[in-house]
Structures are given as C-alpha cells and as structure tokens.
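Reader: Got a minute? I'd like to go through this one with you.

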There are 2 protein chains.
Amino acid sequence: MLEIERKYLVKNTDFLKELKGKRITQGYLSTDPARTVRVRIKGTQGFITIKGMSTDSGLTRYEWEKEITIVEAEELLELALPGVIDKTRYEIVIENHTWEIDVFHGANNNLVVAEIELQTEEETFTLPQWIDKEVTGDTRYYNSYLSEKPFSEW
Amino acid sequence: MLEIERKYLVKNTDFLKELKGKRITQGYLSTDPARTVRVRIKGTQGFITIKGMSTDSGLTRYEWEKEITIVEAEELLELALPGVIDKTRYEIVIENHTWEIDVFHGANNNLVVAEIELQTEEETFTLPQWIDKEVTGDTRYYNSYLSEKPFSEW
C-alpha cells in the first residue's frame, strides 16, 4: 500500500523522558531507494518490509510489510549489509495523529527524527513545539542511507 | 533453513512432453548473491524468497521463503530490477527424489536446467539419461544472474 508520511528533526527531547520506548534493530538486504528491503526486530516482533521509490513530493512511498518470527528476523539480519541501525522508538498521540520519534544510537547517535503518517498529502496537523526543520523526502535521512553513511560521519 | 541442491543442464527434453508444467514469472529486488531477494508468481501462488551466499561447495545455501498473495506478488514485481525471468517448471519423481526441470522462455530461451534437492551434500542418487553436465555453484546459472545477463546474450 501507499504510505504518506512527513519527517522532521527534533530539537528538544525532554518530552520523551516520561515515555517508554521500544528498541529497534534493523538491517538492509537492499538499500536501493526504488526497492529497499528491510529486516527489523522491534521488541519481541520481527518484520520484513519492502519500500519503493518515493513520489516527487517525497511524501508518498509504496510499502509492503509482513510480520515474521524473531528467529526468522535474526537469520535474515545475518544476511544484511554492513551497518545495522539501532534506535529507540517512542510513540505519542497528538490530536488524532500518532507521532513516531526515533532516537538513534551507535554510529547515528545524536540524531532524533519524528514522523507522522497522513491520510492525504494535503492533510494539515499541528506541529508540536519540539519539532525542528522538516526533512521529508531528504534521502540522507532514510534509515537505509543512514545504515551506509551514519550521522556521525556526515 | 539451509537448502542442499545440485543443478544440471538438460540435453533432451522429450520426457517433458507427457508432463504438465507450471508457468513461473519471477523478478529480483536484489541480485546480490549474498542476499538475493526474489518475488515469484507460480500458477496462482505468490512467494517472496531470500537466499544467502552459497557454501564453497556451491551445494548449500540459506533460503527463506514465505507465500504471499498474487496481488502482493504483482505489486512487488513492479519494484523489481529489469529482467524478469519467465519459465515453465516441470516436476518428476525418480527414486524418492523430486527433480525440478525449468524450461526458460524469452531472453533465456533454449536454456533447460534440472535441480535435485538433497538431505546431505554426500547423498547419492541416480542421474537420469537426459542429464547433461553439472552446473552446481556456477553463478552464471543463478536465476538472479540470468535476469541481468540472459542466456541469449552469453
């Protein structure tokens, strides 16, 4: 299905202190932006996700995802390209929208990114005061790119 | 899981005439031999398959496969790299082993390959008289390679 998302940097993470996050480990079998193949372990769940090229606006991208077992995810992660992503995900609901905030660790330490999923590209929403600049469609902030070229090396 | 297989060229296809094959269309999201990602439509079924690097012998390779819907397979095939493989698969049981015989079409026309799955690398079996030379582990006969460099261009 098509996913419509906007992505922002986060300038102040104080609001995360009272939330409980989930650790995410993910690697890539393909980092090609037109056919990205991701293997993810999130808490006790495994997932395989395939993403297509994003539209010109950078907001919309085909995404297919299946839950798999942890054992399968661990096996598939062994096949992944070098550069596994390690991050903690927090979720917060603001005015009927769920924001996903990813706090990166390891080679992407100090990077914090927030995403909101929308129903249409034109949908409006309130920007929380902890939001910094928008990076929607900036392929440097794709996790697949960060796995190859981590934030600490920029 | 680990798959142990041997692969051969086929010199005489007369024996296929009395068999009914299944058409297979498949494309690749990654042709990297260490993390091949294949999307297949076989008759009315869809599959996603991920294969790892083969062992030195060329006989054993990690393989993970999940059945998906035809609609999912068609969507994912739209993301595939250029060079979709089109072939007809026949199956024939000889002395407790199932041989899979692939008759290629399109750009791989005239290529016919037979595969047998084994329980161990040392397992012995009878070679049918239609078998030509062995090509196990020869990466040129990987379908992922044939999708990029079809037989007609060799």
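Reader: What rotation superposes chain A on chain B?
Author: Keep in mind that this is a predicted model. A rotation of 180 degrees does it, with 0.0 Å of shift along the axis and an RMSD of 0.0 Å. That is how a two-fold axis relates two copies.

Reader: OK, and which C-alpha of chain A is nearest the axis?
Author: That of A:Ser30, 3.0 Å from the axis.

Reader: How much of chain A's contact surface recurs in chain B?
Author: 100% of the contact residues of chain A recur there, so to speak one surface serving both copies.

Reader: How many residues does each chain put into the contact?
Author: Chain A gives 13 residues and chain B gives 13 residues. On the chain A side, helix H1 (70–77) has the largest share, three residues. Elements giving two or more residues there include strand S2 (22–30) and strand S5 (60–68) of chain A.

Reader: What's the chemistry of that side of chain A, nonpolar, polar or charged?
Author: A mix: seven nonpolar, two polar and four charged residues.

Reader: Switching to the core. Which residues touch the most other members of the largest nonpolar core?
Author: A:Leu29 and B:Leu29, in a core of 22 residues. S2, S3, S4 and H1 of chain A and of chain B each supply at least two residues of this core.

Reader: And what does B:Leu29 touch, leaving out residues up to four places away in sequence?
Author: From chain A, B:Leu29 touches A:Ser30, A:Arg35, A:Val37 and A:Ile50. In its own chain B:Leu29 touches B:Val37, B:Val39, B:Leu79 and B:Ala80.

Notes: Residues numbered from 1 in each chain as written. Chains lettered and ligands numbered in written order. Predicted model: local features only at pLDDT ≥ 70, side-chain atom pairs only at ≥ 80, totals over all residues. Contact = placed C-beta atoms within 7 Å. Helix = DSSP H or I, 4+ residues; strand = E, 2+ residues; numbered from the N terminus. Nonpolar A, V, L, I, M, F, W, Y, C, P; charged D, E, K, R; others polar. Core = buried A, V, L, I, M, F, W, Y, C linked by C-beta atoms within 7 Å. Buried ≥ 20, exposed ≤ 12 C-beta atoms within 10 Å, placed from the backbone. Least-squares fit on C-alpha atoms with pLDDT ≥ 70 in both.
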